[in-house]
Amino acid sequence: MSLLADLDRWKDGGVITGPQHAALTALVRKDSFSLFAELNALLYLGVVSFVAGAGWTIQAHFASLGDVAILSALTATFLASLYYCFTRAASYSHAQQESPGFAFDYVLYLGCLMFGLELGFLEWRFQLLKDSWDHYLLLSSLVYAVLAYRFDNRLVLSLALSTLAGWFGFRLFRLQWFSGSLRVDALIYSALVASAGVVLHRAGIKKHFLEAYMHVAVNVALAAALTGVFDVSASLIYLVVLLGLGVGSVIAGLRFQRFAFVAYGVIYSYIGLSHLFLRNTFNSTVTFAYYAVSATIVIVFLVVAARRFGRDA
């Protein structure tokens, strides 16, 4: 109760205001807690579920609904989402801007997903581009990127980068540029994404987007190198690449105080090393002992690192 008494004295002495006293008292008494993360997760799942349900309905009932009705509904949803966003968002700025409302980001995300669903339906029903259908991915990525920058939305930017990855991999594989290896293509893609993020950051254009670029680039590069470790014919080469990228991710995460990148580097590297060590091991006791000891070490390291980041923050 001493802390509550201190809060009362601070309020009486004018150190804190009445609203601040009420908020701090509620926290001390554990009368309230934040549901921000839970509400965001529910909104995200709701949007994804809605779009998935719309896709299932179209696939199952397109004959009875009719093409005109389906396209009209998808277009109307997309345009309504854009109208909502344009009428509530502030003017564009290179600097970071606050979201106009709690649901704003998810309305924009819904519109983007419905736009992608509409393009998919057009190609599925009418085969407008046929063998060049991958241009839909490029178009979608460009639209998502423009909207992400216009409305300062990192969720939509991640959608744009992931869609671009699909187009990039398919296009290079079809044209057989570089080595024709999807792993090499993924590494090239991640390098281009990281470079684009750095260039835009240095140009002062949405500098806070750099982390979103790096999340995508690092995960794609580490995942590509990890799949190479599982390929016996090239495992050692990709193990060196994986460890190099993993160490770089950990160092960058520590330097710039971004725990996620420390976790990326540690977890991907751990999976790759574990596969190499146990690839020719068929003794279940040895395997169990290895995972029991090594996984504990990794978990303890990540917990200690996470607490260190929390103190530094």
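**Exercise 1. A cysteine out of reach**

C112 is buried, at a relative accessible area of 1%. The model is predicted. Task: find how many disulfides the model holds, and work out why the sulfur of C112 forms no bond.

Solution.
- Step 1. Take the cut-off: two cysteine sulfurs must lie within 2.5 Å.
- Step 2. Count the pairs that pass. The result is 0 disulfides.
- Step 3. Check C85. It is in no disulfide, and its nearest cysteine sulfur belongs to C112, 8.1 Å away.
- Step 4. Turn to C112. Its closest cysteine sulfur is that of C85, at 8.1 Å, so the gap is too far for a bond.
- Step 5. Add the surroundings. C85 has 0% relative accessibility, so C85 counts as buried. C112, at 1%, is buried as well.

**Exercise 2. A charged pair inside**

Task: decide whether D152 is buried or exposed, do the same for K206, and say what joins their side chains.

Solution.
- Step 1. Recall the limit: buried means under 20% relative accessible area.
- Step 2. D152 has 12%, so it is buried.
- Step 3. K206 has 1%, so it is buried.
- Step 4. Now look at the contact. The side chains of D152 and K206 form a salt bridge, with N and O 3.3 Å apart.
- Step 5. Place the partners. D152 sits in the loop between α6 (135-150) and α7 (154-175), and K206 in the loop between α8 (182-202) and α9 (210-229). The two are 54 residues apart, so this pair links distant parts of the chain.
- Step 6. Inspect the backbone at D152. Just after α6, D152 has a positive phi of about 55°.

**Exercise 3. Two further bridges**

Task: how many salt bridges does the model have, and which parts do the pairs R183 with D231 and R258 with E211 tie together?

Solution.
- Step 1. The count is 4 salt bridges.
- Step 2. Take R183 and D231. Their side chains meet at 3.3 Å, N to O. R183 lies in helix α8 and D231 in the loop between α9 and α10 (235-255), so the bridge ties parts 48 residues apart in sequence.
- Step 3. Read their exposure. R183 is partly exposed, at 23%. D231 is partly exposed, at 24%.
- Step 4. Take R258 and E211. Their closest N and O atoms are 2.9 Å apart. R258 is in the loop between α10 and α11 (259-278) and E211 in helix α9, so parts 47 residues apart in sequence are tied together.
- Step 5. Read these too. R258 is partly exposed, at 37%. E211 is partly exposed, at 29%.

**Exercise 4. The two sides of α4**

Task: describe the span of α4, and say where around its axis the buried residues lie.

Solution.
- Step 1. Helix α4 covers residues 67-88, 22 residues in all. From first C-alpha to last it reaches 32 Å, close to the 32 Å expected at 1.5 Å a residue.
- Step 2. List its buried residues: I70, L71, L74, F78, S81, L82 and C85.
- Step 3. Look down the axis. These residues cover an arc of only 100°, so they share the same side of α4.
- Step 4. Check the other side of α4. There, V68 and Y83 are exposed.

**Exercise 5. Helix α6**

Task: which residues of α6 are buried, and what is the span of α6?

Solution.
- Step 1. α6 has 16 residues. It reaches 23 Å between its end C-alphas, close to the expected 22 Å.
- Step 2. Its buried residues are Y136, S140, S141, Y144, L147, A148, Y149 and R150.

Terms used:
Residues are numbered from 1 along each chain as its sequence is written. This is a predicted model: local features need pLDDT of at least 70, side-chain atom pairs count only at pLDDT 80 or more; totals for chains, interfaces and linings use all residues. Side-chain values use heavy atoms; hydrogens and water are left out. Buried means under 20% relative accessible area, exposed over 50%, partly exposed in between (1.4 Å probe, protein chains only). Helices (H or I, at least four residues) and strands (E, at least two) are DSSP runs, numbered from the N terminus. The expected span of a helix is 1.5 Å times one less than its number of residues. The arc is that of the directions from the helix axis to the C-beta atoms.
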